[in-house]
Amino acid sequence: MAAVDIDVPVETEPPILNQEDLQRQAECFKEQGNALYSKKSYSEAFNYYTKAIDTCPKNASYYGNRAATLMMLCRFREALEDSQQAVRLDNCFMKGHLREGKCHLSLGNAMAATRCFQKVLELEPSNKEAQQENKNAATLLEFERMADFGFEKRDFRKVVYCMDRALALASACHRFKILKAECLALLGRYPEAQSVASDILRLDSTNADALYVRGLCLYYEDCIDKAVQFFVQALRMAPDHEKARLACKNAKALKAKKEEGNQAFKNHKYEVAYQLYTEALAIDPNNIKTNAKLYCNRATAGAKLKKLNQAIEDCTCAIKLDDTYIKAYLRRAQCYMDTELYEEAVRDYEKVYQTEKTTDHKHLLKTAQLQLKKSKRKDYYKVLGVGKNATEDEIKKAYRKRALMHHPDRHSSATPEVQKEEEKKFKEVGEAFTVLSDPKKKVRYDSGQDLEDDGGLNGGDFDANNIFRAFFGGHGGGFSFDSSPEAAPGNFFFQFG
């Protein structure tokens, strides 16, 4: 069979266009890009402007148009590069200088923006847009200056205010966003700070400043281990990041000192724990949540050491730092109870119970309210000078001593004022003995019940002298007291009739 000849197509290279053809093709790409730009199809317009640049890379207007498209896509760094290339190709390209200035301004570089706008005004002194943008650059510089001053004075709210205004002019400036986020963290507005930092990290996961702020939020929320991880990552990206280095050092030191104090407390070394918590509090005054816990921990150690007033002060400091810190309210309330400041204790327990309505908290509140009620009555134990666990014999001995000390006959030669005061005390002693020597009345008194409800003490029927005679009964006569100034308190002798 004879071989059949077949035609094999020969590959030919595309024709080489001359310069005029290339320029026409580039202009065609530009026109297509312009049409898409006017329709706000910026991504497609970008592609055509890129084709125009690839075809004629020495044309300034193509770079200028692509820069405008990139600005609409909020890709300001790339837009800046195109604008700079445009003015390198044509230093008199006014729109190129204007766009370069706008990119600098959006990225937060007000000084560079000002130079660009001034160049535009050199080329066209009456350019209204350049005049306005130049004013915007001056305003941005002023907000920066105010923010720096505010940060130095630790007026973080002022800094946030200035950065909000600055970002309205420089929306793509990461530096302003980071400063705002850092101040939000220092103000305790952690979710807002984290949101700003996270937005930046989504665009640039290696941004050391954003990593630092993310760690700072965790650090201030007392998530120290996670915070350290972010600080370490920030230092890996930027080994000279001084703020991340200091925060990492403080976080590690704070954690170590707090754990050391906790261990000492568990080992019943309360004085050591107290000192360690004090040292921990000096590490970083800005760490509000951790310091609130440290103040409460020191208050607990202080209470063990009977430093009740200092413990109350520490709890108050903890509450000032974190007014939702239930543990601090409970600790302070207990200290108030121990120092018999029952009204203050009731107030704290009410706050706790309103927040967490548990059975335990209700019981603590009821107990404090009962003690407050009891504290408003006469303290018969104090009147007799005995403790609340005094035995029957101790109560009798105390009554004997106090009744003789304040008996009216012993003060017969004193001034009327002294006689009146001693008579009052004598009656109180008799009243106290009447209650505490009667088991039923004593139980009712100790439980906070009103004795009048039980007919216990009727002012009209109560006679301290009858109590006195009944106690020292069996003598037909009375007592005579040596009331001379040099006599020892309570000197008396029996006088029989």
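In which helix is Glu182 found? In this predicted model, Glu182 belongs to helix H9, which covers residues 174-186. The relative accessible area of Glu182 is 6%. Because a residue counts as buried under 20% relative accessible area, Glu182 is classed as buried. Two polar contacts of its side chain were identified. One, of 3.3 Å, joins the side chain of Glu182 to that of Tyr212. The other, of 3.0 Å, joins the side chain of Glu182 to that of Lys243. With neighbours within four places in sequence left aside, the residues in contact with Glu182 are Phe151, Tyr212, Val213, Leu216 and Lys243. Tyr212 and Lys243 thus appear both in this contact list and as partners in the polar contacts.

Tyr212 is also part of the largest nonpolar core, which has 62 residues. The members that touch the most other members of this core are Met163, Phe176, Tyr212, Tyr219 and Phe231. Helix H11 gives the most to the core, with 9 residues. For Phe176, again without neighbours within four places in sequence, the contacts are Gly108, Leu140, Glu144, Met163, Ala166, Leu167 and Ala170. Met163, one of these contacts, is itself among the core members that touch the most others. A second core is separate and consists of 21 residues, including Tyr381, Ala432, Leu436 and Phe468.

Aromatic rings were examined next. The count comes to 11 aromatic pairs. One of them is formed by Tyr219 and Phe231, with an edge-to-face arrangement, 6.3 Å from centre to centre and 70° between the planes. This pair links distant parts of the chain: Tyr219 lies in helix H11 (residues 208-220) and Phe231 in helix H12 (residues 224-237), 12 residues apart. Tyr219 and Phe231 are both buried. A stacked pair is formed by Tyr399 and Phe433, whose ring centres are 4.3 Å apart and whose planes meet at 20°. Here too distant parts of the chain are linked, with Tyr399 in helix H21 (residues 392-406) and Phe433 in helix H22 (residues 416-436), 34 residues apart. Tyr399 and Phe433 are both buried. One aromatic cluster is made up of Tyr190, Tyr212, Tyr219, Tyr220 and Phe231; Tyr212, Tyr219 and Phe231 are also among the core members that touch the most others.

Charged side chains were found over aromatic rings as well. Lys51 lies over the face of Tyr48, at 4.8 Å from the ring centre. Arg75 lies over the face of Phe46, at 4.9 Å from the ring centre.

Helix H3 comprises the 13 residues 60-72. At 1.5 Å a residue, H3 should span 18 Å, and its end C-alpha atoms are 19 Å apart, which agrees. H3 is mostly covered, with 11 of its 13 residues buried. These buried residues are Ala60, Tyr62, Tyr63, Gly64, Asn65, Arg66, Ala67, Ala68, Thr69, Leu70 and Met71. They pack against four helices: H1 (19-38), H2 (42-55), H4 (76-89) and H5 (94-106). After H3 comes Cys74, whose phi is positive, near 60°.

Terms used
Residues are numbered from 1 along each chain as its sequence is written. This is a predicted model: local features need pLDDT of at least 70, side-chain atom pairs count only at pLDDT 80 or more; totals for chains, interfaces and linings use all residues. Side-chain values use heavy atoms; hydrogens and water are left out. Helices (H or I, at least four residues) and strands (E, at least two) are DSSP runs, numbered from the N terminus. The expected span of a helix is 1.5 Å times one less than its number of residues. Buried means under 20% relative accessible area, exposed over 50%, partly exposed in between (1.4 Å probe, protein chains only). Contact means heavy atoms within 4.5 Å. Rings of Phe, Tyr and Trp (its six-membered ring) pair if their centres lie within 6.5 Å; planes under 30 degrees apart count as stacked, over 60 as edge-to-face and the rest as tilted. A charge sits over a ring if NZ of Lys or CZ of Arg is within 6 Å of the ring centre and within 35 degrees of the ring normal. A nonpolar core is a set of buried Ala, Val, Leu, Ile, Met, Phe, Trp, Tyr and Cys residues joined through side-chain atoms within 4.5 Å. A polar contact is a pair of N or O atoms within 3.5 Å; within protein, one must be able to donate a hydrogen and the other to accept it, and residues adjacent in sequence count only if both atoms are side-chain atoms.
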